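Me: Please choose a single part of this structure and examine it closely, strand by strand where that helps. I would like one connected account of how the chosen part is built and what surrounds it.

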Amino acid sequence: MPDQKELFRKIPKVDELMDSFAERFSDVPSAVLKESVHQVLDSLRTGIKSGEVTEIPDFDTIVELTAKKVGKNTLPTLRPVINGSGIVIHTNLGRSCLSENAVKAVVGVAGAYSTLEYDVEKGARGSRHVHIEDLICSVTGAEAAMVVNNNAGAVLLILSELGKGGEVITSRGELVEIGGSFRIPEIMEACGCTLREVGATNKTHVSDYENAITERTKALLKVHTSNYRIVGFSEEVSLSDMMKLGEKYKLPVVQDLGSGCLVDLKQFGIQDEPCVQESVKAGVDIISISGDKLLGGAQAGIILGKKSYIDRLKKHPLARALRVDKMTLAALRETLYVYQDENRAKLEIPTLAMIGEKPDNLRCKAENIAEKFNDAGFKASVTKLEDQVGGGSVPNQMLDGYGVVIDSGKFSVDQLEEKLRLRQLPIIGRINKDRYILSVRTLLKNDENLIIQALKEIF
């Protein structure tokens, strides 16, 4: 058995390793570099003590081990991925991709000073609401609008202003749970208002709402169940009936639409997804939507509706706590700007373009990518798929699509999936019937070349 003391003496000094990296990692903070060196040397010491290390690698090998550790320690946990899952609005992968113009707008304001809260014409302090309010109103027909950090924040602000100290009535069938186990009742409780549940899970009538109205009632709430559907023996109160009830008792009607759809998705074969404009035309007092779901922009909660209510929300103390930054406003501005021409929006906003892609086009795309893979020496074929909109939207409807099946070769399908997923640029695919598949719907320009490079390195 090797002498442990002799093995310990052969471990290089920290300074020696640090000197060897002086030029190689000149852009890495010295603290990160030193921590990486310590991690490698501590691993050797632990191995010696346990008996697992019986020989110290040569200096060059230790240098390379440390270099790999530096690479791992400097790799951001938040980084781009290649999405071959076929889920367009993938919540775990950052939801909607921004358009090219939106990305340029973000970069433009991120790296420079901006007019975030400065009125150039007056030469005085301005409001960040002005950058986007007119566009929201132009696209939706609303009287006024504002933006907060996300849709849950939007609901929180609305109910904090309208419902505090009283009751807000909503249907049991609409008590949704959104991502991260956040639930509508819990948001209401945080707002200081009491939830008044009416109806049954599958059926709610106008009379259920009306019978629950008392002097403590502050508002009527309707929630779009975007991430699930109640089917079969079911019934819900229509928006028009809700509005009549609100007018009769002089109560504001609040609608949480969630998904933020601004175009009619029936043209893509998707049914029963309400458009924001329909709610505005119906006269809903306050509407909240997400900015990064079907709208296809940045994460945000957009609040729109009657000016009298929006003005109250802008003055609420929570409005400052929930406000968005310059980059979010820049991305949303460019996204909404395109919506003034729906045909242009369907081409330029990635979320809409992916959802609306015709199956024949996807098949051609899959065939071209499969041919590239085969030319590069990898066995690939084309298969039909069912893709998803994702993001908690249209849960019961699938999109006809195509994918590329990659032969895993000497690896199992699970091993290939893991090797592609654990790369510096992760590649996320799907496994179906013991086949590794990349859906082409969600592959972006040039992704296939990056995938080929990854396969070459793996095989």
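Reply: Two strands are said to pair if DSSP finds at least two bridges between them. The model is a predicted one, and the part chosen here is the paired strands, with the helices that pack against them.

That definition applies directly to strand β15 and strand β18 (residues 435–439), which four bridges join in an antiparallel arrangement. Within this pairing, Val404 faces Leu438 of β18. Strand β15 also pairs with strand β14 (residues 380–390), again in the antiparallel sense, and here the count is eight bridges. Leu385 is set opposite Gly401 of β15. How enclosed is β15 by the rest of the structure? The strand covers residues 399–406, and seven of its eight residues are buried, so β15 is largely enclosed.

A residue of β14 gives a contrasting view. Ser381 belongs to that strand, and its relative accessibility is 37%. Buried means under 20% and exposed means over 50%, so Ser381, at 37%, counts as partly exposed. Leaving aside residues up to four places away in sequence, Ser381 touches Ala370, Gly403, Val404 and Val405. Val404, one of these neighbours, is the residue already described as standing opposite Leu438 in β18. Ser381 and Ile437 are 56 residues apart along the chain, with a separation of 9.4 Å between their C-alpha atoms.

The account now turns to the open sheet. Seven strands make up this sheet, in the order β5-β13-β12-β11-β10-β6-β9, and their pairing is mixed. At its edges are β5 (144–148) and β9 (194–198), each of which pairs on one side only. From one strand to the next, the twist averages 25 degrees.

Strand β12 (residues 286–290) illustrates the mixed pairing, for its two connections can be described in turn. Towards β13 (residues 301–305) there are five bridges, and the two strands run antiparallel; Ile289 has Ile302 as its bridge partner in β13. Towards β11 there are four bridges, and these two strands run parallel; Asp256 has Ser288 as its bridge partner in β12. Five of the five residues of β12 are buried, so this strand too is largely enclosed by the rest of the structure. The burial concerns both faces of β12: Ile286, Ser288 and Ser290 are buried on one side, and Ile287 and Ile289 are buried on the other.

The loop between β12 and β13 holds Asp292. This residue has a relative accessible area of 6% and is therefore buried. Beyond residues up to four places away in sequence, the contacts of Asp292 are Ile89, Arg95, Ser96, Gly297, Ala298 and Gln299.

Helices complete the setting of the sheet. Helix α6 (residues 133–140) lies across β5 and β13, and its direction is at about 120 degrees to β5. Helix α7 also packs on the sheet, where it touches β5, β6 (167–171), β10 (217–223), β11 (253–258), β12 and β13. The direction of α7 makes about 160 degrees with that of β12.

Helix α7 has a helix partner as well. Two packed helices are described by the angle between their axes and the distance between the axes. For α7 (residues 151–162) and α12 (residues 307–315), the packing angle is about 100 degrees and the axes are 10 Å apart. Angles of 65 to 115 degrees count as roughly perpendicular, and α7 and α12 are therefore roughly perpendicular to each other. On the α7 side, the contact is made by Leu157, Ile158, Glu161 and Leu162, and on the α12 side by Tyr309, Arg312 and Leu313. Sorted by class, this contact comprises five nonpolar residues, two charged residues and no polar ones.

Finally, the wider context of these elements. The protein chain contains 19 helices and 18 strands. Of its 459 residues, 46% are buried. Among contacts between residues at least 6 apart in sequence, 74% join residues at least 24 apart. Along the principal axes, the C-alpha atoms of the chain fill a box of roughly 90 × 50 × 50 Å. The chain exposes about 23,600 Å², of which carbon and sulfur atoms supply 48%.

Methods
Residues numbered from 1 in each chain as written. Predicted model: local features only at pLDDT ≥ 70, side-chain atom pairs only at ≥ 80, totals over all residues. Heavy atoms only, no water. Axes fitted to C-alpha atoms, helices over the stretch in contact; angles between N-to-C directions. Parallel < 35°, antiparallel > 145°, perpendicular 65-115°, else oblique. Contact = heavy atoms within 4.5 Å. Nonpolar A, V, L, I, M, F, W, Y, C, P; charged D, E, K, R; others polar. Buried < 20%, exposed > 50% of the residue type's maximum accessible area, 1.4 Å probe, protein only. Areas by Shrake-Rupley, 256 points an atom, 1.4 Å probe, with all protein chains shown as cover.
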